[in-house]
Amino acid sequence: MRLRVVGAVLLSAAAYYVYVPLPSGINEPWKLMLLDALLRSLMQAGDVAHSLGLCHRAHLLNQIVYWVEVIEAQSCSAVNVTDSVLGGMPARIFQPKKGKKLKRGVIYFHGGGWALGTARMRTYDLLCRKMAEDLDAVIMSVDYRLVPDATFPTQYYDVLAASRAFLSPQVLDRYSIDPGRVCVSGDSAGGNLAAAVVQELSADDSLTVKFKLQALIYPVLQALDFHTSSYQQNQGVPIVYRPAIVRFWLQYLGADPALEPLLLANNHSSLDQPAISAQTRSKLDWTALVPGEHKKNFQPLIRETGTPEVLAKVPGLVDVRAAPLLAERGVLARTPKAYVMTCEFDVLRDDGLMYARRLQDAGVTVSSDHYEDGFHACMVFSFLPMLSDVGQRSMKNYIRWLDQNL
Ligand SMILES: *[C@@H]1O[C@H](CO)[C@@H](O)[C@H](O)[C@H]1NC(C)=O
Ligand SMILES: *[C@@H]1O[C@H](CO)[C@@H](O)[C@H](O)[C@H]1NC(C)=O
């Protein structure tokens with residue numbers, strides 16, 4: 001009897017922990033809830049270890065990733081998989097064994113808030129393997145350095161170095177990649193890095209080979225407004241919550257974590273900030289850049305007065321290499337044809353929608369792929385045991401777009 005009571009209490013506690021109210025548009029809600037509960041408990045374990053001074057939360061989380069998710073480079077009948085080095089950075093390289101002699105090529109940057117993950121994770125390994133096989137393309141998945149061992153601009157320079165190496169005649173030749181058919185891609189923080197790198201390299205006239213395409217999967221692109229309509233709409237939607245993004249940003253920019261409430265309140269982008277011009281504001285004005293069906297009736301939060309000294313302390317907040325949405329129109333105009341994937345239930349939805357719109361306004365051809373039932377990071381969860389229907393659909397469409405355009 002006592003055991004049953006204890007069991008019932010534990011079960012309700014677990015159900016209470018797992019349950020989060022979800023918008024009705026989300027399919028397979030229980031899968032998302034379980035995934036969310038798992039991630040939340042890991043994050044909380046990380047927070048406890050962090051506050052006890054045992055280790056940095058990112059170190060603990062990455063250690064768990066290593067135990068659970070990292071797999072060896074293993075070739076299969078269709079794809080030769082090797083761990084190598086690209087521009088000084090470790091990279092997992094996927095080469096189709098058969099097919100055409102001259103291949104298409106993709107350089108890929110994984111997500112994880114500039115702090116978590118690796119190209120050697122099972123999910124990214126499976127994604128790149130599938131891309132290599134389905135596209136008959138060489139895929140190079142790069143391991144840039146992570147928070148807390150590295151902060152901005154190290155991650156940016158790491159992927160820039162890898163990208164320059166990828167586009168070099170030596171590497172293209174060695175891996176039989178067609179210089180006219182190369183793409184840069186990434187998801188989430190990897191999408192941020194891909195956007196930043198392609199802006200830099202498209203403007204570099206010394207390069208003989210340029211990217212033909214950029215493919216950005218639910219990218220994070222700005223840190224000045226944490227009250228866009230998607231931040232407001234989705235702040236309570238798993239698996240990435242509003243404060244978590246602010247925390248990732250602060251860690252990436254090497255800033256004091258105590259600034260979190262200030263950024264959450266948009267106090268860092270108040271109108272009394274001399275470092276933010278009206279022109280800069282217009283680049284992330286979601287009231288103008290996001291279509292009505294998405295922004296609904298949400299109202300912007302623009303403070304008259306805030307904390308002006310914060311931008312001097314954290315200059316990365318207005319650095320275009322960290323926040324590619326802040327790029328000038330002329331810079332965007334030189335970047336290649338783009339694919340931008342966004343999810344309705346994602347705080348970062350508007351970052352992607354605004355970027356797609358600004359690219360288009362600059363004359364770039366953009367394919368926008370929006371998932372009404374999508375959530376942040378869904379494409380990574382397209383394999384067992386975390387297989388989600390929208391994840392699989394989004395991955396299929398992403399690969400199809402690459403196939404048709406690269
Ligand atoms: C796989 O790729 C590596 C590096 O390019 C190469 O040395 C090796 O011979 C390849 N193996 C097969 C089975 O093709
Ligand atoms: C934001 O700025 C206002 C006005 O300067 C101030 O009253 C408020 O305490 C600030 N909030 C945070 C969280 O820093």
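Student: At which residues does UniProt place the feature "domain: Alpha/beta hydrolase fold-3"?
Tutor: The name comes from an unreviewed UniProt entry, while the coordinates here are those of a predicted model. In that entry the feature is placed at residues 106-264 and 318-379.

Student: What are the helix and strand percentages of residues 318-379?
Tutor: For residues 106-264, the figures are 43% helix and 16% strand, with end C-alpha atoms 36 Å apart. In residues 318-379 the end C-alpha atoms lie 29 Å apart, and the span is 29% helix and 31% strand.

Student: Which helix gives the most to the largest nonpolar core?
Tutor: The largest nonpolar core has 121 residues, and Ile139, Met140 and Val142 have the most contacts inside it. Val142, for example, touches residues including Leu86, Ile107, Phe109 and Val159, leaving out those up to four places away in sequence. The helix that gives the most to this core, with eight residues, is H7 (residues 189-202).

Student: How far apart are the end C-alpha atoms of H7, and why is that expected?
Tutor: H7 has 14 residues, and the rise taken is 1.5 Å a residue. The expected span is therefore 20 Å. The model agrees, since the end C-alpha atoms of H7 are apart by 20 Å.

Student: Is H7 mostly covered or uncovered, and which elements are included in what covers its buried residues?
Tutor: H7 is mostly covered, with twelve of its 14 residues buried. Among them are Ala189, Gly190, Asn192, Val197 and Leu201. What covers the buried residues includes strands S3 (103-109), S5 (177-187) and S6 (213-217), and helices H5 (154-166), H15 (329-333) and H16 (349-361).

Notes: Residues are numbered from 1 along each chain as its sequence is written. Chains are lettered from A and ligands numbered from 1 in the order in which they are written. This is a predicted model: local features need pLDDT of at least 70, side-chain atom pairs count only at pLDDT 80 or more; totals for chains, interfaces and linings use all residues. UniProt positions are given in the numbering used here, feature names are shortened, and annotations may be inferred rather than shown by experiment. Helices (H or I, at least four residues) and strands (E, at least two) are DSSP runs, numbered from the N terminus. A nonpolar core is a set of buried Ala, Val, Leu, Ile, Met, Phe, Trp, Tyr and Cys residues joined through C-beta atoms within 7 Å. A residue is buried if 20 or more other C-beta atoms lie within 10 Å of its own, exposed if 12 or fewer, and partly exposed in between; C-beta atoms are placed from the backbone. Two residues are in contact if their C-beta atoms, placed from the backbone, lie within 7 Å. The expected span of a helix is 1.5 Å times one less than its number of residues.
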